[in-house]
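Student: I should like to learn how to read a structural model feature by feature. Could we proceed from the overall fold to the details of single residues?

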Amino acid sequence: MGGCTWWYGERFLLALLAALVTLVGARVKLSDHGYDGLVIAISPTLDEALGPTLIPAIKEAIQQTSSNLFHGSRRRLHFRKARILLPKTWTNTPVDAGASSETFEEAEIRIDVQNKVYKHQPYTKQHMGCGDPGLYIHVTAEYLLDDQQASWWGDRGKVLLMEWAKLRWGVFDEIGYHDDKIFPLFYHYKSPEDEHLRLKPTYCADEEINGWYLNKMDPKASCGYNRDGLPDSDCRFLPGAYQTANSSIMSYPFIRSDSVKEFCDIFNQVSHPHNPHAPTKQNFHCKHQSVWEVMRKHPDFATDKVFNVGVDVYQNVSFEVVQESAAHYVMVLDYSGSMDDFDRVMKLKRTAQRWLLHDVAEESSVAIVKFSISSTLVSKLTKIRGKSSRKKLADLIDTNTGDSTCIGCGLQLAIRELQGKDNPVILLVTDGKENQEPYINEMLEYLVKNGIRVVTVAFG
């Protein structure tokens with residue numbers, strides 16, 4: 001079932017909305033060293049007038065990232081095929097095809113307006129632990145189009161590789177942050193040579209980074225120091241523009257040097273040494289493992305074979321510009337007897353109604369199927385257009401339960417309703433194990449054949 005996400009827990013307010021965020025990696029596949037299925041989606045909040053310059057800028061940035069990925073993975077990985085997803089509100093931009101099941105909410109890279117905290121700095125939404133995938137990469141159009149913005153935050157190909165490493169392999173930054181007590185900009189390190197405390201900026205590199213300690217309030221003034229002997233909050237470390245260090249991508253991708261191409265590696269302390277002493281997110285979340293140490297545990301690195309190809313292969317990403325189509329949803333809701341336990345059916349009603357009234361996108365179509373010993377089509381596909389259509393559907397969500405649990409019955413009816421529809425999605429909400437034919441396994445072939453994604457919300 002393409003894009004199947006399981007959410008456990010007895011209390012699941014907003015679970016239907018949350019379930020629509022598929023974990024990264026479900027769409028992107030790796031075969032023969034190349035990633036296929038990467039989706040870069042443009043937010044509908046962006047003006048279509050940006051299209052003629054933004055689309056080529058996206059292509060160029062991904063090409064650069066693929067080249068850096070090839071070198072950073074030590075000739076193992078690159079991007080082969082990617083799709084640029086345009087919002088359905090854009091009406092005058094040429095496209096290669098209509099989207100099959102891609103949506104902005106499930107794209108790996110999302111081009112959107114700036115975040116108030118990050119401004120135009122690209123960032124990755126991470127919500128789990130070391131080695132776990134992130135949710136998505138956020139990039140602004142200004143970062144892709146404005147060379148001054150790019151120079152401030154860093155080389156696009158290197159910065160996006162850094163974010164891809166977080167998203168795909170679950171690694172973290174190897175730098176410090178302003179006014180952060182856990183991950184500070186500076187720290188004291190006891191030298192093993194003479195056991196003296198030495199002041200260092202927070203980073204990971206294979207050699208010392210040349211630079212200056214500057215007072216951000218007055219560049220001509222010296223940095224002040226706090227009671228711990230560390231530079232105060234007005235002090236910054238400014239690396240020199242050109243360095244000979246070749247690691248780490250997760251530390252200083254913004255250094256204007258072609259030499260920084262590698263990730264720190266505890267297994268290769270000679271050429272790419274890891275710094276386990278620095279107070280970085282990587283050391284904190286990954287228990288002082290190096291970035292490469294975490295990466296090599298990922299299935300992407302199951303083979304140590306390198307990819308011996310020419311530059312034309314890993315720099316020649318194949319792009320397709322597609323346009324998002326309105327989704328067709330069928331809510332398949334469990335009304336078996338066990339839904340009466342722990343007030344589950346009331347929770348189902350409240351959450352389903354909230355999704356219908358507030359969250360499902362305009363111009364989407366929604367049908368409702370309920371099942372117990374058999375299935376019933378409560379409502380055929382209905383276009384969401386304003387409050388009245390939402391309320392009409394929400395009022396159909398009842399609390400009348402039945403007996404057995406025939407999940408396959410509900411899926412079967414939903415498949416009939418979605419046949420031939422663009423962007424078909426089933427939202428399956430259930431609390432129990434099926435005990436009535438037809439079973440889920442009997443429906444799998446038809447789900448795959450019709451390209452239907454199934455998002456599952458499971459009660460504990």
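**Reading the model**

Tutor: Let us begin with one detail of the backbone: P438 lies in the loop between β17 (424–430) and α12 (440–449). Please bear in mind throughout that this is a predicted model.

Student: Which peptide bond is cis at P438?

Tutor: The bond that runs from E437 to P438 is cis, and its omega is near 0 degrees. The loop between β17 and α12 also holds K433. With a relative accessible area of 76%, K433 is exposed. In sequence K433 and I407 are 26 residues apart, yet their C-alpha atoms are 8.5 Å apart in space.

Student: Let us step back to the whole chain. How many helices and strands does the chain have?

Tutor: The chain has 12 helices and 18 strands. Its C-alpha trace spans about 75 × 50 × 45 Å along the principal axes. Of its 460 residues, 50% count as buried. Sequence separation is also informative: among contacts between residues at least 6 apart in sequence, 73% join residues at least 24 apart.

Student: I407 was mentioned a moment ago. To which helix does it belong, and how should I judge whether a helix is buried or exposed?

Tutor: One examines the helix residue by residue, counting a residue as buried when its relative accessible area is under 20%. I407 is in α11, where the buried residues include G408, C409, L411 and L413 as well as I407 itself. In total, 10 of the 12 residues of α11 are buried, so this helix is largely enclosed by the rest of the structure.

Student: What covers the buried residues of α11?

Tutor: The covering elements include the strands β14 (328–334), β15 (365–371), β16 (375–383) and β17, together with the helix α12. As for its length, α11 reaches 17 Å from its first C-alpha to its last, close to the 16 Å expected at 1.5 Å a residue. Just after α11, G420 takes a positive phi of about 80 degrees.

Student: Which residue other than glycine has a positive phi near 50 degrees?

Tutor: That residue is N423, in the loop between α11 and β17. A second case is D179, which is not a glycine and has a positive phi of about 55 degrees. D179 lies in the loop between α5 (156–169) and β9 (186–190).

Student: Are these two residues buried or exposed?

Tutor: D179 is exposed, at a relative accessible area of 60%, whereas N423 is buried, at 1%.

Student: How should I read the nonpolar interior? Which residues have the most contacts inside the largest nonpolar core?

Tutor: One follows the side chains of buried nonpolar residues from one to the next. The largest nonpolar core has 50 residues, and those with the most contacts inside it are I42, I111 and W169. Helix α5 provides the largest share of this core, eight residues. Another core of 23 residues lies apart from it, with Y335, L393, I397 and V455 among its members.

Student: What does I111 touch?

Tutor: Leaving out residues up to four places away in sequence, the partners of I111 include I40, I42, L46, L54, I58, F104, V139 and L144.

Student: May we take one residue of a strand as a further exercise? Where is Y123 found?

Tutor: Y123 is found in strand β7 (residues 123–125). At 9% relative accessibility, Y123 counts as buried. Beyond its neighbours within four places in sequence, Y123 is in contact with N115, Y118, Y136, I137, H138 and E163. The C-alpha atoms of Y123 and L167 are separated by 9.7 Å, although these residues are 44 apart along the chain.

Student: Finally, how does one find empty space, and how much of it lies in the second largest pocket?

Tutor: Rolling a probe the size of a water molecule over the atoms shows where empty space is left. In this model, the second largest pocket holds about 640 Å³ of space. It is lined by 31 residues, and the closest to its centre are T103, F104, E105, E324 and A361.

Student: Which element gives the most to the lining of this pocket?

Tutor: Helix α9 does, with three residues. At least two lining residues come from each of β6 (109–112), β8 (136–140) and α9 (344–359). By class, the lining has 14 nonpolar, nine polar and eight charged residues.

Conventions
Residues are numbered from 1 along each chain as its sequence is written. This is a predicted model: local features need pLDDT of at least 70, side-chain atom pairs count only at pLDDT 80 or more; totals for chains, interfaces and linings use all residues. Side-chain values use heavy atoms; hydrogens and water are left out. On a 1 Å grid over the protein atoms alone, a cavity is a set of points where a 1.4 Å probe fits but cannot get out, and a pocket is an open set with protein on both sides within 12 Å along at least five of seven lines; lining residues have an atom within 4 Å of a point. Grid points are joined across faces, edges and corners, and a volume is the space filled by probe spheres set on the points. Helices (H or I, at least four residues) and strands (E, at least two) are DSSP runs, numbered from the N terminus. Ala, Val, Leu, Ile, Met, Phe, Trp, Tyr, Cys and Pro count as nonpolar, Asp, Glu, Lys and Arg as charged, and the others, Gly among them, as polar. Buried means under 20% relative accessible area, exposed over 50%, partly exposed in between (1.4 Å probe, protein chains only). The expected span of a helix is 1.5 Å times one less than its number of residues. Contact means heavy atoms within 4.5 Å. A nonpolar core is a set of buried Ala, Val, Leu, Ile, Met, Phe, Trp, Tyr and Cys residues joined through side-chain atoms within 4.5 Å.
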